[in-house]
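The exercises below each set a task on the structure shown and then work through a solution step by step. Please have the coordinates open while reading.

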There are 2 protein chains.
Amino acid sequence: MTRPKLMWALTVVALMGFQARASAEALASWNDGPAKKAILEFVKVTTEKSSPKFVPPEERIATFDQDGTLWVEHPVYGQLMYCLDRVPALVAQKPELKNVEPFKTVMSGDREAIAKLPMPDLEKIIVATLTGMTTDQFNAEVAKWLSSAKDPRWKKPYTELTYLPMIELLSFLREHGYKTYIVTGFGQDFVRVYSQKVYGITPDQVVGSALATEYGYAKDGTPQLTKVPKLMLNDNNAGKPEGIHLMIGQRPHAAFGNSTGDQQMLEYAGAGDGARLSMLVLHDDAKREYAYGPATGLPDSKIGTLTQALYDEAKQKGWTVISMKDDWKKIFAFE
Amino acid sequence: MTRPKLMWALTVVALMGFQARASAEALASWNDGPAKKAILEFVKVTTEKSSPKFVPPEERIATFDQDGTLWVEHPVYGQLMYCLDRVPALVAQKPELKNVEPFKTVMSGDREAIAKLPMPDLEKIIVATLTGMTTDQFNAEVAKWLSSAKDPRWKKPYTELTYLPMIELLSFLREHGYKTYIVTGFGQDFVRVYSQKVYGITPDQVVGSALATEYGYAKDGTPQLTKVPKLMLNDNNAGKPEGIHLMIGQRPHAAFGNSTGDQQMLEYAGAGDGARLSMLVLHDDAKREYAYGPATGLPDSKIGTLTQALYDEAKQKGWTVISMKDDWKKIFAFE
């Protein structure tokens, strides 16, 4: 064996050792059960070279909803809190909004009234607070908010409310050559600010609802992109597979969601050839997190709706349901 | 040193040796000159840990225009040839188009008349031939066309008309941790069919003009995406940095183009902090490829326009111009 060949062989041996160790420890927060088994089986049959269901590395795509799938979405989506928190700064810039609804209600601080704002009002707030600045200004504003905002129940930054078993799953899939994408109904620009730090996911692997930008020049001639109120992609429901096609261009082999907004993504991933993994996170742990949705015997929720129909579809199509109560040893890293 | 630590050290040593060998051979088709020097210098200062201009791997983004930058665009863009070639099949499906312009002219086979079709007519043909089928059907049609269509001058498949020095550059950047993206004014769905095979670039790293898709179900209930005539992104001019923000979410550190359609991308990449590389491919080799544009002393071209103004901007902003004639030893792999 020549010297370079020996080096190469040692490299391969070293990497194999690393991978085997990593796999054994990778899903440490998962209980042995049908969900963990389904994941291990899927990864085995799609990544072992001798498997008839082997998937070449460039086709290993896994997509994850964020809110309710990777991190807590109750009592209110994190990004919606950001938009509400931005209203005072917006009103300071545009005082004429002070007496205009829905900004007036938000400025009143009346929590009950704010909680009752209907969706079109929330959309007005979302669009108004996410546009009108350059992309660099937006990134700085979000980073600042994330460093100080806290979830009301755990009194922790939102970025600490990620589900440890799902973080392990992201790493486990990446160690086996999968590219992991977030496919969120919320704004992709928002998630991209923290995706690398929190999920190990680069901004280009975050797909989400997107408002357009406009290219132009600052007064000193520097090129800049300004966020403008024109919806490019509504990455919910049918918008999820459409967004996946737009941004990723391949059908995922695995998809993970928790609500009706993820139905079409789970169907689309599940309907391809070969081995497929569609999984549904069930919020059935009122003690450690939250319990909601008819599948838990509880009333449905406006935030993260999981209808009985979707639950039935999951059962009928052989998707695996992840019970937070039964499948997860730990939910949060800080527990 | 423990056994795992020894293994790890050997791995690192082996990989370093591999990388050093790869770098020396990587740009074999480039002559020593200002263009090659600029590339080597940029990669050195952005990837050596001790460099004050070091760029962390997750921020190493390089974007490439396709037509005229990575492959031949004269006498006519490859994808436009595809659309023209699809017209007979379209007319067979929709006979009512036979006597409607511009389809009538294309069906006449009159090359001179076809060459004179104005842009709005070409757009009608593009939209009509790229929509109305599922994404799977479209991919199959493009793959079939690519396997038989030939460029009129070299009598070779379009996918062999890539520039060898640029293919080497793509590999060289990837070996140094850069993610390489195509950012094309033509359709991203078209380029994605061959990007992995031809450029080593996965579909998710192809950004381009995009028509929307619509999620639905086939008669047997299988989910499918249908291509529809709604423009999501016109990835030309200002649309290039806007498309980069939409799909990549980070400003590139390096960008490569050849025409006015690339101006804003080159400006945007060049205007960031730290080391930046904006390069302009100049078609000045009439013998081995083509020569066009005022910067070569020749008349401007409708296909791949490079105005004197853009050439002047390049000089003024310190972008490096790549002379095909002087900087490239070989242009095509088949030479």
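**Exercise 1. Identify the residue of β7(A) that is the bridge partner of A:Met279, and then place the strand pair in its sheet.**

Solution. In this predicted model, the bridge partner of A:Met279 in β7(A) is A:Thr320. The next step is to look at the strands themselves: β6 of chain A, residues 277-282, pairs with β7(A) in the parallel sense, and the pairing extends over four bridges. Widening the view, one finds an open sheet of seven strands in chain A, whose order is β4-β3-β2-β1-β5-β6-β7 and whose pairing is mixed. The edges of this sheet are formed by β4 (223-233) and β7 (320-323) of chain A, each of which has a single partner strand, so one side of each is left without a neighbour in the sheet. From one strand to the next, the twist averages 35 degrees.

A helix completes the picture: α12 of chain A, residues 263-270, packs on the sheet and touches β1 (61-64), β2 (179-187), β5 (254-257) and β6 of chain A, while its direction makes about 160 degrees with that of β5(A). Since angles over 145 degrees count as roughly antiparallel, the direction of α12(A) is therefore roughly antiparallel to that of β5(A).

**Exercise 2. Determine how α11(A) and α12(A) are oriented to each other, and list the residues through which they meet.**

Solution. Begin with the axes: those of helix α11 of chain A, residues 239-247, and of α12(A) come within 7 Å and cross at roughly 55 degrees. The two helices are therefore oblique to each other. On the side of α11(A), the residues are A:Lys240, A:Pro241 and A:Ile244, and these meet A:Gln264, A:Met265 and A:Tyr268 in α12(A). Sorted by class, this contact has four nonpolar residues, one polar and one charged.

**Exercise 3. Carry out the analysis for α11 and α12 of chain B, and describe the sheet of that chain.**

Solution. Helix α11 (residues 239-247) and helix α12 (residues 263-270) of chain B pack at about 55 degrees, and their axes are 7 Å apart. It follows that α11(B) and α12(B) are oblique to each other. The contributing residues are B:Lys240, B:Pro241 and B:Ile244 from α11(B), together with B:Gln264, B:Met265 and B:Tyr268 from α12(B). By class they divide into four nonpolar, one polar and one charged.

Turning to the sheet, chain B has seven strands in an open arrangement with the order β4-β3-β2-β1-β5-β6-β7 and mixed pairing. Its edge strands are β4 (223-233) and β7 (320-323) of chain B, each of which pairs on one side only. Within this sheet, strand β5 (residues 254-257) and strand β6 (residues 277-282) of chain B pair in the parallel sense over four bridges, and one may check B:Gly257, whose bridge partner in β6(B) is B:Leu280.

**Exercise 4. Establish how α3(A) and α6(A) cross, and classify the residues of their contact.**

Solution. Helix α3 (residues 78-93) and helix α6 (residues 119-130) of chain A pack at an angle of about 65 degrees, with 9 Å between their axes. They are therefore roughly perpendicular to each other, and their crossing is left-handed. Among the residues that make the contact are A:Leu80, A:Leu84, A:Val87 and A:Leu90 of α3(A), as well as A:Leu122, A:Ile125 and A:Ile126 of α6(A). By class, the contact has eleven nonpolar, two polar and one charged residues.

**Exercise 5. Locate two cis peptide bonds and one positive phi value in the backbone.**

Solution. In chain A, the peptide bond from A:Glu101 to A:Pro102 is cis, with omega near 5 degrees, and A:Pro102 lies in the loop between α3 and α4 (103-108) of that chain. In chain B, B:His74 and B:Pro75 are joined by a cis peptide bond with omega about 0 degrees, B:Pro75 being placed in the loop between β1 (61-64) and α3 (78-93) of chain B. The positive phi belongs to A:Lys155, a residue other than glycine, and is near 55 degrees; A:Lys155 sits in the loop between α7 (135-148) and α8 (164-175) of chain A.

**Exercise 6. Work out how the two copies are related, and through which surface they meet.**

Solution. Chain A can be laid on chain B by a turn of 180 degrees and a shift of 0.0 Å along the axis, with an RMSD of 0.0 Å. The copies are thus related as by a two-fold rotation axis. Finally, 98% of the interface residues of chain A are also interface residues in chain B, so the copies meet through the same surface.

Methods. Residues numbered from 1 in each chain as written. Chains lettered and ligands numbered in written order. Predicted model: local features only at pLDDT ≥ 70, side-chain atom pairs only at ≥ 80, totals over all residues. Heavy atoms only, no water. Axes fitted to C-alpha atoms, helices over the stretch in contact; angles between N-to-C directions. Parallel < 35°, antiparallel > 145°, perpendicular 65-115°, else oblique. Left-handed = near helix turned anticlockwise from the far one by under 90°. Contact = heavy atoms within 4.5 Å. Nonpolar A, V, L, I, M, F, W, Y, C, P; charged D, E, K, R; others polar. Least-squares fit on C-alpha atoms with pLDDT ≥ 70 in both. Pairing = 2+ DSSP bridges.
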